[in-house]
Amino acid sequence: HLDEFSDFGKALDEIQDENNVLICKSAGNCFNFEKNAPRSRISQSADSIRSLVVGSITKSKLPTDIAEKNNSSPFSRIGPGPSFVIKPDIAHVGGNVGLNDRNQTVVNGIRSFSSDGNTKSVAGTSFSTPRITSIVAGIDNSLNEGFNPLLLKALTLHSCKYPEEMKIS
């Protein structure tokens with residue numbers, strides 16, 4: 001919604017306030033690229049103000065991929081959030097996708113573990129979000145002081161930079 005925050009987003013903010021935590025939340029995935037339609041806006045839960053909402057960028061580009069290297073992944077949902085709040089807050093590598101000559105989705109993913117213990121190639125904001133969570137945990141560990149979610153979010157965001165290849169429109 002353009003003007004109202006979701007109940008889920010408000011609940012996440014309340015949990016963070018009450019428990020002094022920082023939730024790293026994925027922006028959500030969108031499959032509109034499969035029908036050449038514009039990407040969907042962030043998922044309802046990603047409209048949380050206090051959460052660190054994570055989108056996805058690509059690491060590489062294969063011939064079938066839609067997005068160029070180090071640009072927003074075609075499946076990564078976009079903002080703005082309600083009341084023109086900027087969301088997602090940050091992005092990390094989550095893969096790329098494209099379509100083959102039979103219009104089937106081809107995944108240029110990142111390596112992850114499968115349920116059987118093997119590795120596989122996957123893509124999505126659910127894979128970029130843990131990377132950001134790890135960075136936030138490392139910052140918290142380096143600070144070696146009481147947990148401060150607002151400080152951690154601010155330090156994480158202020159240390160960001162755009163990849164050289166990124167096209168900003």
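**Exercise 1.** Which element gives the largest share of the lining of the largest pocket, and how many residues come from it?

*Solution.* The model is a predicted one, and the pocket is best taken up through its volume and then its lining. The largest pocket holds about 1200 Å³ of space. Two or more residues of its lining are given by each of strand S2 (52-57), strand S3 (90-93) and helix H2 (125-143). Among the contributors, S3 supplies the largest share, which amounts to four residues.

**Exercise 2.** Describe the lining of the largest pocket by its residues and by their chemical classes.

*Solution.* Begin with the count: 37 residues line the largest pocket, and those nearest its centre are Ile-57, Ser-72, Ala-91, Tyr-162 and Met-166. Then divide the lining by class, which yields 19 nonpolar, 10 polar and eight charged residues.

**Exercise 3.** Decide whether Val-21 and Val-53 are buried, partly exposed or exposed, and place each of them in the structure.

*Solution.* Take Val-21 to begin with, which sits in the loop between helix H1 (7-19) and strand S1 (24-26). Because its relative accessibility is 30%, and partly exposed covers the range between under 20% and over 50%, Val-21 is classed as partly exposed. Together with Ile-15 and Phe-147, Val-21 forms a nonpolar surface patch whose combined accessible area is about 210 Å². Turn next to Val-53, which belongs to strand S2; Val-53 is counted as buried because its relative accessibility is 0%.

**Exercise 4.** How far apart are Val-53 and Asn-100 in sequence and in space?

*Solution.* Along the sequence, Val-53 and Asn-100 are 47 residues apart, while in space, taken from C-alpha to C-alpha, Val-53 and Asn-100 are 31 Å apart.

Key. Residues numbered from 1 in each chain as written. Predicted model: local features only at pLDDT ≥ 70, side-chain atom pairs only at ≥ 80, totals over all residues. Heavy atoms only, no water. Patch = residues over 30% accessible without salt bridge, like charges linked within 9 Å, V, L, I, M, F, W, Y side chains within 5 Å. Areas by Shrake-Rupley, 256 points an atom, 1.4 Å probe, with all protein chains shown as cover. Salt bridge = Lys/Arg side-chain N within 4 Å of Asp/Glu carboxyl O. Buried < 20%, exposed > 50% of the residue type's maximum accessible area, 1.4 Å probe, protein only. 1 Å grid on protein atoms, 1.4 Å probe; cavity = no way out; pocket = protein on both sides within 12 Å on 5 of 7 lines; lining within 4 Å. Points joined across faces, edges and corners; volume = space filled by probe spheres on them. Nonpolar A, V, L, I, M, F, W, Y, C, P; charged D, E, K, R; others polar.
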